[in-house]
Amino acid sequence: MNNACLVFEEVVFRYPDTRGPALQGLSATIPKGSRTAVLGHNGSGKSTLFLHAVGILRPQQGVVWKDGARISYASKDLASLRRSVGLVFQDPEQQLILNTPLEDVSFGLRGSGMAEPKIKLRCREVLERLNLTELGDKPIHQLSLGQKKRTALAGVMAMEPELILLDEPTAYLDPVSETLLLDALEDIHTRNGTTLVMATHDMNLAYRWADWIIVLDQGICKASGRPEDLFASRDMIQSIGLGLPLLADVWQSLPPELISGQKAPRTADEFKVALSALLTSIERRGNTVTRF
Ligand SMILES: Nc1ncnc2c1ncn2[C@@H]1O[C@H](COP(=O)(O)OP(=O)(O)O)[C@@H](O)[C@H]1O
Ligand SMILES: [Mg+2]
């Protein structure tokens with residue numbers, strides 16, 4: 001695939017001293033410039049997949065391709081891979097090593113050899129973009145989970161990677177923190193064309209946010225595709241015990257003759273527009289709605 005950013009080809013990986021492999025021949029593609037959601041139950045292999053994307057784990061069988069080339073595990077190549085692929089861990093404690101957001105974000109930049117004035121500027125921009133300006137000098141252990149998660153993202157964003165992987169970034173966040181984080185992602189996606197990959201359990205979020213979806217089940221990729229196509233297959237989603245997004249569920253419960261050929265709406269606003277168009281077309285035909 002020409003526009004693939006990352007390709008996993010029949011990747012097998014087993015952690016030491018465990019019974020079954022965590023990835024058992026997983027093949028999947030992350031399109032360049034996409035917003036990809038990786039869905040799957042706990043233990044389905046999402047985090048293991050992410051660790052392969054940054055070369056922290058290496059396939060025992062199979063290959064990971066980045067921009068059409070096999071990932072090389074030589075240490076200088078790994079350093080360059082990690083400049084272009086950033087991973088935001090699920091637990092910010094795993095990522096944040098210094099005392100304050102400002103120190104933590106500048107640490108990575110300093111490691112990349114950037115000059116001090118540029119580091120200051122970049123830090124200021126990134127902290128502002130993530131609504132952390134006021135908290136730059138606050139001890140990290142005093143931050144809320146949402147603030148810690150945004151600080152971890154700030155550290156990754158500051159390096160301006162072309163691909164950012166986020167492991168369950170919205171888990172346990174309140175709606176305000178979730179919105180702040182998603183807005184910051186939207187911002188870098190539009191400004192820099194950064195490819196974003198998010199592991200999540202939140203079907204509603206995946207449906208409205210992603211333009212590509214990968215479904216993992218027991219270490220394999222069970223399905224992938226555009227959200228409106230993938231969730232149109234109610235049986236597949238339910239067969240692996242995942243829920244249908246609310247909007248997909250409601251849309252699909254409308255009479256098929258009404259919605260056939262229409263693009264399924266993925267946000268509340270799209271849904272309102274689609275519903276109003278349906279009602280208008282019914283009225284125009286002189287019919288009344290008898291059942292939904
Ligand atoms: N460090 C580890 N050591 C041993 N087994 C692990 C380790 N990390 C994950 N696993 C196992 O690998 C499988 C996939 O886990 P993981 O990639 O964390 O899934 P997910 O992120 O989808 O919850 C699970 O069976 C899990 O128990
Ligand atoms: Mg995980």
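**Exercise 1. Is Asp17 buried or exposed at its relative accessibility?**

Solution. This is a predicted model, so the values below are computed from it.
- Step 1: find the residue. Asp17 sits in the loop between β1 and β2 (23–31).
- Step 2: take its relative accessibility, which is 84%.
- Step 3: apply the cut-off. Exposed means over 50% relative accessible area. Asp17 therefore counts as exposed.
- Step 4: check the backbone. Asp17 is not a glycine, yet its phi is positive, about 55°.

**Exercise 2. Place Glu10 and classify its exposure.**

Solution.
- Step 1: Glu10 belongs to strand β1 (residues 4–13).
- Step 2: its phi is positive at about 45°, although Glu10 is not a glycine.
- Step 3: the relative accessible area of Glu10 is 52%. The cut-off for exposed is over 50%, so Glu10 is exposed.

**Exercise 3. Describe how the protein is divided and how its two domains meet.**

Solution.
- Step 1: set the bounds. Domain 1 covers 4–98 + 161–243, and domain 2 covers 254–287. Domain 1 is thus written as two segments.
- Step 2: count the contact residues. Domain 1 gives five residues and domain 2 gives five residues.
- Step 3: take the separation. The C-alpha centres of the two domains are 33 Å apart.
- Step 4: choose a yardstick for the interface. Interface size is often given as the accessible area lost when the parts come together.
- Step 5: apply it. Domain 1 and domain 2 bury about 440 Å² between them. Carbon and sulfur atoms give 51% of that area.

**Exercise 4. Which residues of domain 1 lose the most area to domain 2?**

Solution.
- Step 1: name them. They are Tyr207, Arg208 and Glu228.
- Step 2: give their share. Together they make up 89% of what the domain 1 side buries.

**Exercise 5. How many salt bridges and polar contacts cross the interface of domain 1 and domain 2?**

Solution.
- Step 1: the rule finds one salt bridge across the interface.
- Step 2: look at a pair. Arg266 forms a salt bridge with Glu228. Their closest N and O atoms are 3.5 Å apart, and the cut-off is within 4 Å.
- Step 3: three residue pairs are in polar contact across the interface, both residues at pLDDT 80 or more.
- Step 4: identify the elements on the domain 1 side. Helices α7 (203–209) and α8 (227–230) each give two or more residues to the side that touches domain 2.
- Step 5: sort that side by residue class. It has three nonpolar residues, no polar ones and two charged ones.

Key. Residues numbered from 1 in each chain as written. Chains lettered and ligands numbered in written order. Predicted model: local features only at pLDDT ≥ 70, side-chain atom pairs only at ≥ 80, totals over all residues. Heavy atoms only, no water. Domains from an automatic or database assignment. Contact = heavy atoms within 4.5 Å. Buried area = accessible area lost by both parts, 1.4 Å probe. Salt bridge = Lys/Arg side-chain N within 4 Å of Asp/Glu carboxyl O. Polar contact = N/O pair within 3.5 Å; in protein donor to acceptor, adjacent residues only side chain to side chain. Helix = DSSP H or I, 4+ residues; strand = E, 2+ residues; numbered from the N terminus. Nonpolar A, V, L, I, M, F, W, Y, C, P; charged D, E, K, R; others polar. Buried < 20%, exposed > 50% of the residue type's maximum accessible area, 1.4 Å probe, protein only.
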